[in-house]
Amino acid sequence: MTWTLVLGSLVGVTSPANAAQSLAAVQAQVERLQIEATAAAEAGQQAQVELGRLTRSLNAVKQQDAVQAATIGNLKKSLGKIALEQYKNNGLSQSMSLLFSADPTLYLQAAGSLSVITQKKALQLHRYATAEQRLRATSLTLNDQVAQVAAAKARYVKNEAAAQAKLKDAEKLLSKLTAADRARLAKLQAEKDNAFNASSLAFAKKGVAASGRGGIALRFALKQIGKRYYFGGAGMTYWDCSGLTMRAFGSAGASLPHSAAAQAHYGKAVSLGSIRAGDLVFFGRPISHVGIYLGGGKMVDAPHSGARVRVESFGSRFGRSSFVAARRI
């Protein structure tokens with residue numbers, strides 16, 4: 001059945017059961033779009049983390065470039081002084097200087113000085129050539145870093161736009177419903193949300209048996225149950241998935257970036273059969289969601305736009321995204 005037919009049935013003569021089924025289908029479609037928007041926003045978070053890293057690297061290369069340029073400037077001045085000194089001491093050839101010298105001892109001293117100057121010049125020329133080579137290499141690195149920063153910025157903008165587009169698609173879908181159907185759908189969503197919240201709070205009251213960083217992170221995350229999801233949210237009122245895990249493990253003394261994909265490189269890899277409470281669990285290729293395993297086939301997470309931090313089932317999939325990894329921090 002197409003969505004046009006589904007929506008058409010909502011305004012036609014249908015039985016209450018069919019209407020409820022159609023509304024549930026619309027609800028599922030809206031949630032799918034919200035999850036897709038969340039995945040795009042999380043990709044934006046990864047681009048933002050990468051942008052920060054590249055920007056710091058770029059600034060370091062710029063500083064290196066400035067230092068090397070200053071070094072070359074100083075070497076140029078030094079070479080100029082040596083050249084002037086050599087000109088003053090070598091205005092005549094050594095043989096002519098000896099011929100006209102009244103004191104051979106003074107001549108030999110001058111010749112020795114000239115040799116020192118020549119050696120100094122050779123050393124400075126070598127340093128100059130080395131510094132110039134380094135500057136050229138740094139300039140190439142600098143240009144590459146600038147290009148990478150620009151690409152990271154473009155990825156961030158693209159993913160943010162994709163997230164907003166998905167939410168607009170959900171809004172368009174809802175706008176096609178009648179006011180009465182929108183009200184019924186809102187009631188269905190509220191009932192589902194409240195059921196999740198009640199069961200999540202019940203799990204939180206049971207306490208956490210896990211110890212170490214994972215246990216501390218879990219206890220922090222469970223205290224956030226009921227708080228709303230928001231793109232880029234990192235507490236203490238709004239959260240996104242990686243913002244919640246970042247702050248949860250931050251409370252345990254572990255520094256994680258605000259990106260699910262980036263967090264998947266931290267800690268120790270854990271196999272699916274060895275997962276224990278307090279481990280981070282990741283979904284999607286590329287990674288687009290992260291939660292904290294609670295034990296008993298459950299995890300706590302900030303799931304997607306329109307939802308709240310909650311305890312939900314942990315399995316091989318999150319929405320359309322498959323489980324891909326677990327890490328012990």
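**A tour of helices α6 and α7**

Among contacts in the protein chain between residues at least 6 apart in sequence, 66% connect residues that lie at least 24 apart. Keep in mind that this is a predicted model.

Start with the whole chain on display. The secondary structure consists of eight helices and seven strands. Of the 329 residues in the protein chain, 39% are buried. Switch on the surface: the accessible area is about 17,800 Å², and carbon and sulfur atoms account for 58% of that.

Next, select residues 241-250, which form helix α7. This helix is mostly covered, with eight of its ten residues buried. To see which ones, colour Cys 241, Ser 242, Gly 243, Leu 244, Thr 245, Met 246, Ala 248 and Phe 249.

Now add residues 212-222, helix α6. Two packed helices are described by the angle between their axes and the distance between the axes. For α6 and α7 the angle is about 125 degrees and the axes are 8 Å apart. An angle from over 115 up to 145 degrees falls in the oblique class, and α6 and α7 are therefore oblique to each other. Turn the view to look through one helix onto the other: α6 passes α7 in a right-handed crossing.

Finally, show side chains where the two helices touch. From α6, select Arg 213, Gly 214, Ala 217, Phe 220 and Ala 221; from α7, select Leu 244, Arg 247, Ala 248 and Phe 249, which they meet. Sorted by class, this contact holds six nonpolar residues, one polar and two charged. Leu 244, Ala 248 and Phe 249 in α7 are among the contact residues and also among the buried ones.

Terms used: Residues numbered from 1 in each chain as written. Predicted model: local features only at pLDDT ≥ 70, side-chain atom pairs only at ≥ 80, totals over all residues. Heavy atoms only, no water. Buried < 20%, exposed > 50% of the residue type's maximum accessible area, 1.4 Å probe, protein only. Helix = DSSP H or I, 4+ residues; strand = E, 2+ residues; numbered from the N terminus. Axes fitted to C-alpha atoms, helices over the stretch in contact; angles between N-to-C directions. Parallel < 35°, antiparallel > 145°, perpendicular 65-115°, else oblique. Left-handed = near helix turned anticlockwise from the far one by under 90°. Contact = heavy atoms within 4.5 Å. Nonpolar A, V, L, I, M, F, W, Y, C, P; charged D, E, K, R; others polar. Areas by Shrake-Rupley, 256 points an atom, 1.4 Å probe, with all protein chains shown as cover.
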